[in-house]
Every structure is written in C-alpha cells, then in structure tokens.
Amino acid sequence: MKNHKIIFTGPVGAGKTTAISSISDEPIVITDEMATDMTARKKANTTVAMDYGVMNLDDGQRVHLYGTPGQERFDFMWDILVEGGVGLILLVNNSRSDPFRDLEFFIRSFESFIGKTGVAIGVTRMDEKAQPRIKDYQHYMEKKGWMAPVFEVDARQPRDVSLLVQSLLCSLDPGIDD
Amino acid sequence: MRVFLLGLGEQLQNSLNFLFDSTYRGEYVFVKQDADFSIVDIDNYDGKKLLRDHHSENPSQVIILLSVKEMEVQSDANIVYLRKPFSKEQMVTAIEQASNKAKVLAETSSIPPSEGLIQQDSEQVIQHADQNQETAARTEPIADVAPHAAHPAHVEHRPYVGNIQKATLAISKEDMLQILENNDGAMAVSADEELEYSPQRYLSGALLRAYRRAAKNGCQLRLKVRDCAILLDPIKKQAWLDMDKIKAQSLASIPLEKGWIEQMLLDKGQTSEPLPGSAISIEALIWETALYGARGRLPKGTLLDCPVKLKHWPNFTRVLLFPEAMRISAMFSEHTYSLTKTAELLRIDVRCVYSFYSAAYALGLVSICQPDKTITEKPIREKPLAAPRKRNLFNGILKRLKTSIFSEES
C-alpha cells in the first residue's frame, strides 16, 4: 500500500490542527501526547507537538496529513517533514499582528519544497479580523512575484479545507479530472 | 473536588489547567485516582478503548465527555456531554453539572445501586461512542477551551467566534449545462449576442457601475432593478438582495431594458433599512451574476486566440464554484494559453472556459495579451505539469475530497 503526504504549515493559531481534523478520516493525533497505551512506542526524543491525520483513498492508498509545529524554533524539523510530500497547505492567521510577515516567512522557509511541488494558501480567522482582506494578500503576492491560490478559509469547515487542497492539486496538475 | 483527565491532548490540558486555576482557585484538584468526576476526550487515538477501560474500573463515576462528534446522552446518565468546539462558559456549565451529579452520587452511595442500572449506564455510553464513531461525518475540529483573556500563553488559543458567511456553494455539471444550453428557463438570446455579449447591458454590469459609484462616494446605494431592490455597502463590501435566488438568476441572465434600473445613493453615514435575506459579498454577487449573464459567451471584443493571464485565483471558498473552474484557474495562472487552447488541453467544453473568463473579467482578474504585445510577465514558476504517474493519485484524492463535500451539501 502506497503512502503519500500533504503538509500543513503556518504560524501558531492558524488552524492547522483544525484543518487536518476537518478532512481526516481518522481522529487526529498529536504525536507527543499519545494515549497512555501508546507510551511504549514513544521515542525518547519526541518532544514536539505535531498533528497527524489521514485520508484513505478508494484504491487503498493513504494520504497522510502532517501539521508542522507552528513555532519557529522547530523549523529544523520542516525539511525532514516535507521530504516526499505532494505539496504544501499554508494557513495564515489573519488575526495576528503581521500576517504578511508570517506569509513571507513560511513561503521563504519552504521555498525549495514549493518550487518542486506547490502551495495553496488559506487565510483563517477572517471572522475575527476582516483586514487585511484577501485582495490585500493577492496584491502582496503579486508584488513578490508569487502565484498561488489564496482563499479565505474557516478551518472548521471541511468544505473550505477541501477546496483549498483541491486547488493545490489542480495547480500541480490541471489535467486531473474535475 | 477531585478531577481526573483522560485522553486529553497537551493543549487542552493546559487550557483546562488555566481555566480551573482562574475560575475555581483551588476548589478543584487534578488527581490520578479516586476522582469525583472525569473529563474524557474520546477523539484521540483509541479514545473508545480508554473510555471503556475507565468505565470498567469506575462504573458509577460522572464523566464529562468531549467529542467533535454528535452524541445523544440520556439525561439520567452520569454523563455530561460537551461537543467541541466549546467555549469557556460551556465548559464551566459542564463542570457544574458534573459536580452536582457527583455530589448526588456521593450522597446516595450508601444505597447499593442496582447493578443492572450501572451496567446499563456504562453500556449506553460505550454504545453511543461506538455508534457515533462508526457513522458520524467529520464535523467541527478539536478546539481549545476559551482561555482567560489576560493569559499571554493562551492568546493564540481563542476559539473561533462569530458567523462565517457561507459561500454560495457550487453548480453541478447538469446545472451548468442547462445554463450553457440556455435551458434553464431564461429568455433566449438575440442573434447578435449568440457568441458575445455586452456585460454593461446585464445585471453584473449594472452592479459594477453602481458599486463603483457607491465606493467613490463612500455611501450605501440602493438599486432597483424592475421591482427588485438591491442594497450595496461599499464599506462592508456586501450586498443584500430583496429577491429569491431564481429571480436573481433570471434577472442576471437577460439584458436589462432602459428604465429598468433606478439608483439611489444614500447620504454619507446614512444607513438604509435592511433588506430581508442574508448579506452576500459584492465579489460573490458580481461573479455569480456575470456567470449567469455570460451563459457560455464572451464579452464583446475578446480575442479568442491570444494568451490569457489570470492575475489571481478567484476566492473559491467564497464565490460560486462551477465545473472545471479550478482547473481553468490553474491553467491561466500557471501557464499562458489562449481561451480555445485551454479548452483543448483540458478537454472541456469551451463554453466553460468562456464562462470562467467572463466571470473573472467582471472581477478584473484576467488580462489578455494583445497580438502585438509580448508577454512581459513570466509565469512564476516554469515547471512542467505533474508527471502522469501522480495523476492517478491526485484523482484519487480529488474524488475522496469531493465525495465528502457532496455528502455534506446534499
């Protein structure tokens, strides 16, 4: 059985856990807080919270959904995590003080991976803070010379998260069936 | 009171710690045994088994049960069910209920309970957990308890609040075909508008003009189209329509006659009486009315064989999604093909491409490169389309995602 992965990243509070839960076929696992009967499998150096979900496809393949630790001090893990990944979902928390800084930071951090695959950007928490608007993100991306789908996303809504992942797939291969 | 936590992730544990500290100041303590009640999260790995094991050891203990999945719990059971995501107030209410139940249990514990009743209680909980885990669709995610606002460590853990305006969902392939074939009851187009149309004659054009006027003046504007009212708010970037969806689609599909439109610009600061119905974003309204106005045609003067460049993807979570729209967006954003070439490469009805172009054109998202001008903007990343070996995988993922959406929308 083949396994694949899609990486979810973004700053703390952007909704990575929530988004993965929205589309995961199995209850999401936070890998450093397994249930007590999993302690035997815990590695000694597993100290970082990392979210994990999975989508089970009809043909038996599994697509693993990994959420990166949002704190920048764990960025050393990101290169390991993205290896072999299909693409990147970047969630940006619109209620943070400088979401453009976050956007730029994560795009630059994953630049190599994005160059080989692709990225789709979801802007979350716009119900809490309406500015900047999606147009502002689009203009920012245009100034930087970046092109990627940018959607308003409520990470609790499976449809929003699903559409974001669909846009990633379409941008990687417009030839897929709609 | 003594409280036992089971199956909770680190974030939720920290949030509860803080909640108890700030709200109850020592009235409750967390213990590993002999608890008065437990708080159990069954959404984590093997949560069902944890719950079953816990129940077998503590059959009469009161439980606050946390899950994203909907559950039915009988009122006389020793269970307080709290569905995620929940607010701080909801958790406080659950704690009070559990505490009260625990006190009643402690008072009546001298009376030997019926073994059958206890057994029934446990079985009920596990049965509900089983049923819900087997049949529940994905709903809301795991969420944190709303923390005390002042605590900096939890400032990122605020739960989502407020109502999210739902996007108009999607058009099926069948509905799209009806629109393209002009079979959905709208008036037939005239001969000179069979292939091209003049957007300014249609509702989308009228809305754009009205919106620009409202935005320029910073005021609300009331539009009357025949006997239907539309209110535009350029500050909130929202519109309200005093008409049902069918009427709106019909109005959007036909050229508007002279005298059908009246505009009234309100004074600055003046707010119109609200119209019935929910607000829709201006962007979503113009996108949708342009789609219905176009009906598979192009704005007059569009060059068919020149490359098209999409400036930005439409915000598909908040505007109407129609078949092939995402693939067309991908083609126009990653590559620069003409309208006809795009349809050819994607092997789709060219009218879908025209519809997309017309809607994107209305929002100012597309540009066409004239024959005498070279394309000065390079695609951001020059890369080939995905290797065919991944196409099956992507199709599988797409199918899995869309199955979920359609079951949710039906």
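This is a short tour of a predicted model, with stops in chain A and chain B.

**Stop 1: chain A as a whole**

Select chain A and colour by secondary structure: you should find six helices and seven strands. Walking from the N terminus, the elements go β-α-β-β-β-α-β-α-α-β-α-β-α. Now switch on the surface. Chain A has an accessible surface of about 6700 Å², and carbon and sulfur atoms account for 49% of that. As for burial, 63% of the 178 residues of chain A count as buried. If you like contact maps, take the contacts in chain A between residues at least 6 apart in sequence: 70% of these join residues at least 24 apart.

**Stop 2: a helix pair in chain A**

Stay in chain A and pick residues 99-109, which are helix 3, together with residues 134-144, which are helix 5. Their axes come within 11 Å and cross at roughly 45°. Helix 3 and helix 5 of chain A are therefore oblique to each other, and the crossing is right-handed. Show side chains to see who meets whom. From helix 3 of chain A come Pro99(A), Phe100(A), Leu103(A), Glu104(A), Ile107(A) and Arg108(A). Facing them from helix 5 of chain A are Asp136(A), Tyr137(A), Tyr140(A), Met141(A) and Lys144(A).

**Stop 3: the parallel sheet in chain B**

Hop over to chain B and look for an open sheet of five strands in the order 2-1-3-4-5, with parallel pairing. Which strands stand at the edges? Strand 2 (29-30) and strand 5 (79-83) of chain B do; each has a single partner strand, so one side of each is left without a neighbour in the sheet. Next, select strand 4 of chain B, residues 62-67, which runs parallel to strand 5 of chain B and is joined to that strand by five bridges. For one such bridge, click Leu65(B), whose partner in strand 5 of chain B is Tyr81(B).

Then add helix 2 of chain B, residues 47-57. This helix packs on the sheet and touches strand 1 (2-6), strand 3 (37-41) and strand 4 of chain B. Line up helix 2 with strand 4 of chain B and compare directions: the angle is about 180°.

**Stop 4: the antiparallel sheet in chain B**

Last, find the five strands of chain B in the order 10-7-8-9-11, an open sheet with antiparallel pairing. The edges here are strand 10 (261-265) and strand 11 (280-281) of chain B, each with a single partner strand, so one side of each lacks a neighbour in the sheet. Zoom in on strand 9 of chain B, residues 238-241: two bridges pair this strand with strand 11 of chain B in the antiparallel sense. Finish on Gln238(B), which stands opposite Ser281(B) in strand 11 of chain B.

Note on methods:
Residues numbered from 1 in each chain as written. Chains lettered and ligands numbered in written order. Predicted model: local features only at pLDDT ≥ 70, side-chain atom pairs only at ≥ 80, totals over all residues. Heavy atoms only, no water. Pairing = 2+ DSSP bridges. Helix = DSSP H or I, 4+ residues; strand = E, 2+ residues; numbered from the N terminus. Contact = heavy atoms within 4.5 Å. Axes fitted to C-alpha atoms, helices over the stretch in contact; angles between N-to-C directions. Buried < 20%, exposed > 50% of the residue type's maximum accessible area, 1.4 Å probe, protein only. Areas by Shrake-Rupley, 256 points an atom, 1.4 Å probe, with all protein chains shown as cover. Parallel < 35°, antiparallel > 145°, perpendicular 65-115°, else oblique. Left-handed = near helix turned anticlockwise from the far one by under 90°.
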